[in-house]
Amino acid sequence: MSQIKELIIKLSIADDELVIEWYDGKESRLYSQWLRDHCQMPTSINTDNGQRLFSVVNIPKETYIEKAYQDDKGNVCVRFQPENHMSVFSQSWLRKNCYDLNLHFDDRSEKQKHLWQKDSFKDGLPFINYESMCNDESIKLDALRLVRDIGFFVLENVPTAEGQVLKVISELGYTRETNYGALFEVRTEVNPNNLAYTNMGLGSHTDNPYRDPVPTVQLLHCLDSSTEGGDSVLVDGFKAGTVLRQESKEDFDILTNTWVNFRFSDEATDLRSRVPLIELNDSSEIVKVRYNNRSIDTIKLPAKKIRNFYKAYRHWSEIIEREDLKITFKLSEGDLILLDNTRIMHARTAFSKKGKRHLQGAYTDLDGLYSLLNVLENQQQNG
Ligand code: NM2
Ligand code: OGA
Ligand code: ZN
């Protein structure tokens, strides 16, 4: 505790801020209303679950800090008027949470990722052994970190039994059921409602952009693979987005600012969405990409925008098919690929009618996977 006591060198009040001089020379200036809003006392938060018991409108507008000092344990005591409310903050809480030294980072942003291209995998693909992942939490953590950092992994030795893809999801999160079912069979069908169910090649795409919200994780488990062709292709859509931005900021801006419609319909379904092909966060960083030439709806833009849109759209389509961005491999029986469908585009090459190719697919969502990743990382940090 004596270590914690030394975090703060000096406390003072300046206008509407609490000024903290930290042990390492850094300074924080914390706005009085922020500090009152983040009060950690049992009258302000439920101390069991950390949830706040009041709303910002309950804080008087004229709130000011009357007094601030450290008690004999080093805690920072702040008296707010006109409420006459005393808040006690630990020094470590203040250091971890003060907004001027700790901006929130966006774990979905391009900035937090290891962007990749073909030559990034010279030493092989990120494989994880299925049994090890199920039996060892540190391997599960490795797998989830791969999803966060590079956007995919390949599970090896998943038993080639029906429905295993749902078992894999139950290890990591929750199944996202759709009109295609909890699980769907990817193999050649007669009268398919989707070109995925033919032997045609499929260009690089993200799945289900016509659904809002989109399923954010896709799994494909290979049960049979004896055709010629039918190779799998992956592209890092965030990397592709950065290439587009470098080559033409104008094209990039058009795709982030223009919302387009996607649609999927069959007898029982009519799904529609309206979304940008490249989505940015509030710091203009890429957080989602979408592309699916098979299911983009009629493009209806103001006439004066159509030419420039087509220039940008063609540029984007051309980049995501570049050989130097693509990795190509053939799934073997028992392999299962899991990918971040907001980032990684996938494709497959056409395959022969001779032989058998059968994948079982399913969707889950990133929120469940990231939640488990956070829990496992917290556990690792706490001991
Ligand atoms: N399937 C395989 O998003 C798409 O339409 C791609 C999806 C039919 C569930 C295919
Ligand atoms: C899909 C798809 C790829 C494949 O089903 O969404 O893209 O390898 N399939 O068949
Ligand atoms: Zn697909």
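Trainee: Which side-chain distance links aspartate 207 to ligand 2?
Mentor: An N or O atom in the side chain of aspartate 207 is 3.0 Å from an oxygen atom of ligand 2. This is a predicted model, where local features need pLDDT of at least 70 and side-chain atom pairs pLDDT 80 or more, while totals for chains, interfaces and linings use all residues, and side-chain values use heavy atoms, without hydrogens or water. Residues count from 1 along each chain as written, with chains lettered from A and ligands numbered from 1 in written order.

Trainee: How far is arginine 348 from ligand 2?
Mentor: Arginine 348 has a side-chain N or O atom 2.8 Å from an oxygen of ligand 2, and for glutamine 218 a polar side-chain atom is 3.4 Å from a ligand 2 oxygen. The cut-off for these N or O pairs is within 3.5 Å.

Trainee: How much of ligand 2 does the protein bury?
Mentor: It buries 95% of the 290 Å² that ligand 2 exposes alone (Shrake-Rupley, 1.4 Å probe).

Trainee: OK, what's around ligand 1?
Mentor: Among the residues around ligand 1 are Tyr180, Phe184, Arg294 and Tyr363 (a heavy atom within 4 Å). Asp207 is in that set too, and Asp207 is also listed around ligand 2. Ala196 is around ligand 1 and around ligand 2 as well.

Trainee: Which part of asparagine 208 does ligand 1 approach?
Mentor: The backbone: a polar atom there is 2.6 Å from a ligand 1 oxygen. With tyrosine 210, a side-chain N or O atom is 2.7 Å from an oxygen of ligand 1, and with asparagine 194 the side-chain distance is 3.0 Å.

Trainee: And how much of ligand 1 is covered?
Mentor: The protein covers 97% of the 310 Å² that ligand 1 has accessible on its own.

Note on methods: Polar contact = N/O pair within 3.5 Å; in protein donor to acceptor, adjacent residues only side chain to side chain.
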